[in-house]
Amino acid sequence: MAIVASANSEPLIRNDETMKYRPLGRTGLSVSALSFGCMRLADDPPLNEKLLSRAIELGVNYFETTRFYLGGTCQHRTAPGVKGKTDRVIVSGKSGLGADTTAHSFRKEIELQLDILGLSHFKFYQVGWIQWKNFPYLLRRGGALDALRRAQDEGLVQHIGFTGHDEPENVIKMAETGLFDSFTVPYNMINRAYEPAIRRAGELGVGVVAMTPVAGGVLSCPSPALREAIGLDLPTPAIALRFVLSNPNISTACSGMNTMQMLEENVASVGKFEPQEENFQQMCAGLDRLREKAGGRFCTFCNYCAGCPVKLNVGQLMEIWQHDKAFQLHDWARDALKALPEEARPDRCTFCGACESKCPNTINIRERIKELIPAAT
Ligand code: SF4
Ligand code: SF4
């Protein structure tokens, strides 16, 4: 691997004209309210370079990467845009664990990602896609944690975090181990499942990176209901970012961006935004009211209802229903229904009720499927 310089303590860049900054837990790092998820960079090197340079110019100082995005090209697409500026921004790396992960293999992966990015060290490295059931692979003697601690001792990694989609109670357990400086979980107006874990992180002084703050683009769609619930007369993506950053325990909203317009608009949405704790409580109450109006019971995508005799993906249909009926993301829902292959469409349902009897949330699945049919046909 190429070690290009030793670890340094240069302060991260700031541009207080255009960006706000927040502490990343107790790391002492001050991260931009908007961070850059590099998992959506296009296969367009000149554009990527311009985008990343402009992001840095606007004060974005955290870039999330891993070798495992974009078919292995994410870090290759990122590196040229951050070249020469990495002393003053965070470019994170990430790798997962499994039964065959050893300290040696984990170390090799860290070195490989440093090499691709042209970094001397990671200011921040994440254990990716972690689940509580795989935690022993991290902790065991000769496992990934040994590699991370050694890399920290050598200055190759400064701070460590984890990312994943495990149950919120398991995210809390992992945060409570005290091993991590931060975690990264999905969080947005239509997915607040991790709110208890985010609250606990605040109590523990653990930083939180919110991934999918715009729900992977779902919240690009206009929604009068969300605008009213949040109480901001702005386009939905701006409302989405402001909601996430109104949560006092969020360190940064990490958005996957791949156009200059998206970057400029997102920076404009958060750069001058001063969140107030009481506004966050009102926003949550507004979102709760939307759920109540739609019958309260929401799919948690547990998949206990699997085994539909006509092979419908009930969770997917419930998600479309929720976005359409509760959050009034009508354009998104219409497009999602139209994009379903014929065999996955709601009119295939025979209304046998087998799924309903297995649903722990006692959702009236057949009723909701019936309501989706007119828009799908
Ligand atoms: S009610 Fe419809 S979705 Fe549910 S199991 Fe029966 S056919 Fe499948
Ligand atoms: S069992 Fe209920 S909550 Fe779970 S995926 Fe199916 S509909 Fe959703």
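**Exercise 1. Sort the residues of helix H14 in this predicted model: which residues are exposed on the other side of H14, and which are buried?**

Step 1. Start with the outward side: Glu-367 and Pro-374 are exposed there.

Step 2. Now list the residues that H14 buries, namely Ile-365, Arg-368, Ile-369, Leu-372 and Ala-376.

Step 3. Look down the axis of H14: the buried residues fall within an arc of 100°, so they line one face of the helix.

Step 4. Find what lies over them. The cover of these buried residues includes helix H12 (314-326) and helix H13 (330-339).

Step 5. Check the length as well. H14 runs over residues 365-376, 12 residues in total, and its first and last C-alpha are 16 Å apart, close to the 16 Å expected at 1.5 Å a residue.

**Exercise 2. Turn to helix H9 (residues 236-246): how many of its residues are buried, and what covers them?**

Step 1. Count along the helix: 11 of the 11 residues of H9 are buried, so the helix is largely enclosed by the rest of the structure.

Step 2. Pick out a few by name. Among the buried residues of H9 are Arg-242, Phe-243 and Ser-246.

Step 3. Look around H9 for its cover. That cover includes three strands, S3 (34-37), S9 (207-211) and S10 (252-256), together with helices H8 (224-230), H10 (260-271) and H11 (277-293).

**Exercise 3. Decide whether Met-189 is buried or exposed, and find which residues it is in contact with.**

Step 1. Locate the residue: Met-189 sits in the loop between strand S8 (182-186) and helix H7 (195-204).

Step 2. Apply the cut-off. A residue is buried if 20 or more other C-beta atoms lie within 10 Å of its own. Met-189 has 27 other C-beta atoms within 10 Å, so Met-189 is buried.

Step 3. Leave aside neighbours within four places in sequence, and the contacts of Met-189 are Leu-219, Leu-226, Ala-240, Phe-243 and Leu-287. Two of these names, Ala-240 and Phe-243, are buried residues of H9.

Step 4. Take one pair further: Met-189 and Leu-219 are 30 residues apart in sequence, with 8.6 Å between their C-alpha atoms.

**Exercise 4. Place Val-82 and Phe-122: in which elements do they lie, and what do they touch?**

Step 1. Val-82 belongs to helix H2 (residues 74-82), while Phe-122 belongs to strand S6 (residues 122-127).

Step 2. Val-82 counts as buried because it has 25 C-beta neighbours inside 10 Å. Phe-122 is buried too, with 25 other C-beta atoms within 10 Å.

Step 3. Not counting residues up to four places away in sequence, Val-82 touches Leu-52, Phe-63, Val-89 and Val-91. On the same basis, the residues touched by Phe-122 are Ser-92, Gly-93, Leu-114, Leu-156, Val-157 and Gln-158.

**Exercise 5. Compare Leu-70 and Lys-311: what sign does phi have at Leu-70 and at Lys-311, and where do they lie?**

Step 1. Begin with a general point: most residues other than glycine have a negative phi.

Step 2. Leu-70 has a positive phi of about 55°, and Lys-311 has a positive phi of about 60°. Neither Leu-70 nor Lys-311 is a glycine.

Step 3. Leu-70 is in the loop between strand S4 (62-64) and H2, whereas Lys-311 is in the loop between H11 and H12.

Step 4. With 19 other C-beta atoms within 10 Å, Leu-70 is partly exposed. Lys-311 has 10 C-beta neighbours inside 10 Å and so counts as exposed.

**Exercise 6. Describe the surroundings of the two ligands: how many residues surround ligand 1 and ligand 2?**

Step 1. Ligand 1 is surrounded by 14 residues, and the closest are Cys-308, Cys-349, Cys-352, Ala-354 and Cys-355. Sorted by class, this shell holds 11 nonpolar, two polar and one charged residues.

Step 2. Around ligand 2 there are 15 residues, with Cys-299, Cys-302, Cys-305, Gly-315 and Cys-359 nearest. Their classes are 10 nonpolar, four polar and one charged.

Step 3. H12 supplies the largest share of the shell around ligand 2, three residues.

**Exercise 7. Relate the two domains: how many residues of each are in contact?**

Step 1. The domain assignment gives domain 1 (21-284) and domain 2 (314-376), and their centres, taken over C-alpha atoms, are 31 Å apart.

Step 2. Eight residues of domain 1 contact six residues of domain 2. The side of domain 1 that touches domain 2 has seven nonpolar, one polar and no charged residues.

Note on methods
Residues are numbered from 1 along each chain as its sequence is written. Chains are lettered from A and ligands numbered from 1 in the order in which they are written. This is a predicted model: local features need pLDDT of at least 70, side-chain atom pairs count only at pLDDT 80 or more; totals for chains, interfaces and linings use all residues. Helices (H or I, at least four residues) and strands (E, at least two) are DSSP runs, numbered from the N terminus. The expected span of a helix is 1.5 Å times one less than its number of residues. A residue is buried if 20 or more other C-beta atoms lie within 10 Å of its own, exposed if 12 or fewer, and partly exposed in between; C-beta atoms are placed from the backbone. The arc is that of the directions from the helix axis to the C-beta atoms. Two residues are in contact if their C-beta atoms, placed from the backbone, lie within 7 Å. A residue is near a molecule or strand if its C-beta atom, placed from the backbone, lies within 6 Å of it. Ala, Val, Leu, Ile, Met, Phe, Trp, Tyr, Cys and Pro count as nonpolar, Asp, Glu, Lys and Arg as charged, and the others, Gly among them, as polar. Domain bounds come from an automatic or database domain assignment.
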